[in-house]
Amino acid sequence: MPRGDGRLSHDLLPGEKGPQDACGVIGVWAPGEEVAKLAYFGLYALQHRGQEAAGIAVSNGRQITVYKDMGLVSQVFDESSLGTLTGHIAVGHARYSTTGGSTWENAQPTLGPTAWGTVALGHNGNLTNSDALRERVVAHEASARADGTRLGVSEFERGNTTDTVLITSLLGGDPSNRLEETARTVLADLEGAFSLVFMDEHTLYAARDRHGVRPLVLGRLDRGWVVASETAALDILGASVIRDIEPGELVAIDADGLRTSRFAPAEPKGCVFEYVYLARPDSKIAGTVVHGARVRMGRSLAREHPVEADLVIPVPESGTPAAIGYADESGIPYAQGLVKNSYVGRTFISPSQTLRQLGIRLKLNPLREVIEGKRLVVVDDSIVRGNTQRALVRMLREAGAAEVHVRISSAPVTWPCFYGIDFASRAELIATGLAVDEIRSSVGADSLGYLSHEAMLAATQRPADQLCSACFTGQYPIAPPRTSIGAPATQGEFAFDVEAARVDAARTGSQDGARGTVAP
């Protein structure tokens, strides 16, 4: 698997590629509505979860049409392309790559044949038993060739190297059962993190792994239903939030209504990093508003790491709620000391060396009139490699800051994630092997304080034993892939060197141009 360089999408120097955060998925069942446009606006609300590719598949009851391409949602779709996607069921996806390269072939939704029609699927998360699943897919394909059936990997997905295509293929691998029955069997065999939306010609499905690592919520439209990665997408569509899809639950929606079943018992281990950074602040996860959790993290940070200062400023926008909490708790005035250029993000143009020397200024610019001569508390959500913090501290000093005190509203990130976040290897994470004061010296701050692990968990208002914080502790609730550690893994506790950790070996390739395909 092509490894990311260890930075979150906010932790970038311009022109450098960093990992994104977690794919966004949406599913709509709404006869009489323009479901493709509903999916489009839902994906627009989930754009923060993946900026590499976007796609929408729609069923009209007879056939499934999919349209996908590399780029942002607004770059992939326009009125013309959305106008070709007519039907009453839609599945949409905004992608970043964890397994499989960043190529058109790996864009989602994926398509696959079944004995009863076609399945289109979008996946948020990362599987940890891909090797075993791939062996099953190869066996299915061999059997399909032998008996002349069309089951197996769709010709449309021949270049796809993701774990998602394995799920799609397995869902079509049982000619004796319809999709819903097959799904319960296949989903029970998947290990790792997955929040799925998928459909055949007549039914919309949603499923969440038994640990509920990634969020997935159910909403009600006036004339239908919607499933999405975050409640913010439901808000934008005017849908009422009904509830979270439960860990280990399969939901099916068709003309007969909504029905639900279980494929595995619930063992909740929601990702704490969703609360720290990944999710939108206006989303709600497991009953907790993300913005409120981040404000509480900032309050706790102020209690744990007080400092005499003149202003509290956030690193926009990920550090803003925590900075508000820090300022409120400490009594130090809150100010906007940095202005973010909202249009700097994914770019196809590499800056020249001159522009590289400008560094972070392409994304953030200090308000000299606000910060000059001031002792600053600078609040951000995390430090991964430290490149951005180092450049930021230097920039603030050049703008006249008297002191720069960095405060981080999460614990130190010291371990990689196998469940859908593209962190670096341990060797590339700045907190691996360095004491806090050594990190402070590296980034050039006058002081540095991280939120304690305990306070970070408490801010979510969820039981600590129902959260995954493996990237902070190295305690993995789901066994990582054996290929990532070179030895059998035991679920629960791990202490291993993940210098060359890879979830999957993947081929890469590229194709250009937007495509629309009608599955037979």
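Two residues are in contact when they have heavy atoms within 4.5 Å of each other. With that in hand, here is a friendly tour of this predicted model, starting from the whole chain.

**The chain as a whole**

In the protein chain, 72% of the contacts with a separation of 6 or more are between residues 24 or more positions apart. The secondary structure comes to 17 helices and 24 strands, and buried residues make up 59% of the 520 residues.

**A parallel sheet and its helices**

Let us look at one sheet in detail. It is an open sheet of 4 strands in the order 17-20-21-22, and the pairing is parallel. Strand 17 (311-314) and strand 22 (447-450) each have a single partner strand, so these two stand at the edges with one side left without a neighbour in the sheet. From one strand to the next, the twist averages 20 degrees. Strand 21 (residues 403-408) is joined to strand 22 by 4 bridges in the parallel sense, and within this pairing Arg407 stands opposite Gly449 of strand 22.

Two helices that pack on the sheet are set side by side below.

| Helix | Strands touched | Direction angle |
|---|---|---|
| Helix 9 (residues 290-304) | strand 20 (375-380), strand 21 and strand 22 | about 130 degrees with strand 22 |
| Helix 13 (residues 387-398) | strand 17, strand 20 and strand 21 | about 150 degrees with strand 21 |

**Helix 9 meets helix 10**

Helix 9 also packs with helix 10 (residues 320-330), at an angle of about 45 degrees and with the axes 6 Å apart. How do these two helices lie relative to each other? Angles under 35 degrees count as roughly parallel and 65 to 115 as roughly perpendicular, and helix 9 and helix 10 are therefore oblique. The crossing of helix 9 past helix 10 is right-handed. On the helix 9 side, the contact is made by His291, Arg294, Val295, Gly298, Arg299, Leu301, Ala302 and Arg303, while helix 10 brings Pro321, Ala322, Gly325, Tyr326, Asp328, Glu329 and Ser330. Sorted by class, this contact has 6 nonpolar, 4 polar and 5 charged residues.

**Ser409, after strand 21**

Ser409 has its place in the loop between strand 21 and helix 14 (436-443). Is this residue buried or exposed? Buried means under 20% relative accessible area, so Ser409, at 2% relative accessibility, counts as buried. Leaving aside residues up to four places away in sequence, Ser409 touches Met297, Leu301, Ala322, Asp380, Asp381 and Leu451. Two of these names should look familiar: Leu301 of helix 9 and Ala322 of helix 10 also take part in the contact between those helices.

**Covered elements elsewhere**

Strand 7 (residues 192-199) is mostly covered, with 8 of its 8 residues buried. Strand 7 pairs with strand 6 (residues 117-127) in the antiparallel sense over 8 bridges, and Asn124 has Ser195 in strand 7 as its bridge partner. Strand 7 is also joined to strand 8 (residues 204-208) by 5 bridges, again running antiparallel. Here Met199 stands opposite Leu204 of strand 8, and a hairpin of 4 residues leads from strand 7 to strand 8.

Helix 5 (residues 163-171) is mostly covered too, with 9 of its 9 residues buried. The buried residues of helix 5 include Asp163, Thr164 and Ser169 as well as Val165, Leu166 and Ile167.

Conventions
Residues are numbered from 1 along each chain as its sequence is written. This is a predicted model: local features need pLDDT of at least 70, side-chain atom pairs count only at pLDDT 80 or more; totals for chains, interfaces and linings use all residues. Side-chain values use heavy atoms; hydrogens and water are left out. Two strands pair if DSSP finds at least two bridges between them. Axes are lines fitted to C-alpha atoms, for helices over the stretch in contact, and angles run from 0 to 180 degrees between N-to-C directions. Angles under 35 degrees count as roughly parallel, over 145 as roughly antiparallel, 65 to 115 as roughly perpendicular and the rest as oblique. A crossing is left-handed if the near helix is turned anticlockwise from the far one by less than a right angle, and right-handed if clockwise. Ala, Val, Leu, Ile, Met, Phe, Trp, Tyr, Cys and Pro count as nonpolar, Asp, Glu, Lys and Arg as charged, and the others, Gly among them, as polar. Buried means under 20% relative accessible area, exposed over 50%, partly exposed in between (1.4 Å probe, protein chains only).
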